[in-house]
Amino acid sequence: MSNLRYFDAAAVKKPAPSPKAAIYTEFLRTGRINRHQQEWSATEKRYLTHQEVATRTGKKLEAAGTATHERINGFHRSIRFPRLLFHRTLADSPHLGYCHVTAARTKFAKFEDVRWSFYIANFFSDIGDDQHFFEKIKLGYSRMYFAVATEMDAEAGKLTVNRAVHDNGLLFRTRDPKEALKNVLLLGARNEQLRKIIGSL
């Protein structure tokens, strides 16, 4: 996938008809040759670097993450999640990426204290191992919402997926934003009564 090339579709526009002055006429009239005239055609594609594509992707992902976080925290005043936004793009495909939205702790099934993180990705895929976290990427779907259980890896000094919890560490994965909202709210509900209300939605 490293041979992907991206161009700026917004820059490709129909050129406005402009009166062309003949070079020899300008020279006869002014006695100068204008060498600084831009000879760029508006119909030509301007190719973007991978860094430019990654920057644009990151802005879109963080905008989606901000809107999602506001929607989650707007549900009920007793359920509040911290805003922990950051994004990553895939190395060889900078138009693909994911955004971390929030993280919290919860009681989950037989586990008393589970740390978890909630993400949005602009693609759908299977969750693999630590080396290849995203496997079998499907580009036909616009978004994937998922939450994973996490734990602190003391040796590496960073958070990793806690694969002992649930289905290989994956708490939920969906394409549906309403289902994702419901699942995050269920994870954040502090008591059984609130869980029943959210579950009935």
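**Notebook: Asn 162, strand β8 and a cavity**

I started with the neighbours of Asn 162: leaving aside residues up to four places away in sequence, Asn 162 touches Ala 149, Thr 150, Glu 151 and Gly 169. A note to self before going on: this is a predicted model.

Where does Asn 162 sit? I found Asn 162 in the loop between β9 and β10. Is Asn 162 buried or exposed? Its relative accessible area is 15%, and buried means under 20%, so I put Asn 162 down as buried.

Next I turned to strand β8, which covers residues 144–153. I looked up how many of its residues are buried, and the answer is 7 of the 10. I therefore wrote down that β8 is largely enclosed by the rest of the structure.

Then I went through the pairing partners of β8, one by one.

- β5: I looked at residues 111–121, the strand that pairs with β8 in the antiparallel sense over 7 bridges. For one pair of residues, I noted that Ser 117 has Val 148 in β8 as its bridge partner.
- β10: This strand spans residues 170–174, and I see it joined to β8 by 4 bridges, with the two running antiparallel. Here I picked out Tyr 145, whose bridge partner in β10 is Thr 174.
- β9: Residues 158–161 make up this strand, and I have it pairing with β8 over 4 bridges, again in the antiparallel sense. Met 152 is the residue I found opposite Leu 159 in β9.

I also checked how the chain gets from β8 to β9. The two strands form a hairpin, with 4 residues between them. In the turn I marked Gly 157, which has a positive phi of about 70 degrees.

Last, I went looking for empty space inside. How many cavities of 30 Å³ or more does a search of the whole structure find? I got 1, and I noted a volume of about 70 Å³ for the largest cavity.

Which residues line it? My list for the largest cavity reads Thr 68, Arg 71, Ile 72, Tyr 145, Pro 177, Ala 180 and Leu 181. The elements giving two or more residues to this lining are α2 (50–73) and α3 (177–188). By class, I have 5 nonpolar residues in the lining, along with 1 polar and 1 charged.

One link I wanted to keep: Tyr 145 turns up in the cavity lining, and Tyr 145 is also the bridge partner of Thr 174 in β10.

Definitions and conventions. Residues are numbered from 1 along each chain as its sequence is written. This is a predicted model: local features need pLDDT of at least 70, side-chain atom pairs count only at pLDDT 80 or more; totals for chains, interfaces and linings use all residues. Side-chain values use heavy atoms; hydrogens and water are left out. On a 1 Å grid over the protein atoms alone, a cavity is a set of points where a 1.4 Å probe fits but cannot get out, and a pocket is an open set with protein on both sides within 12 Å along at least five of seven lines; lining residues have an atom within 4 Å of a point. Grid points are joined across faces, edges and corners, and a volume is the space filled by probe spheres set on the points. Ala, Val, Leu, Ile, Met, Phe, Trp, Tyr, Cys and Pro count as nonpolar, Asp, Glu, Lys and Arg as charged, and the others, Gly among them, as polar. Buried means under 20% relative accessible area, exposed over 50%, partly exposed in between (1.4 Å probe, protein chains only). Two strands pair if DSSP finds at least two bridges between them. Contact means heavy atoms within 4.5 Å.
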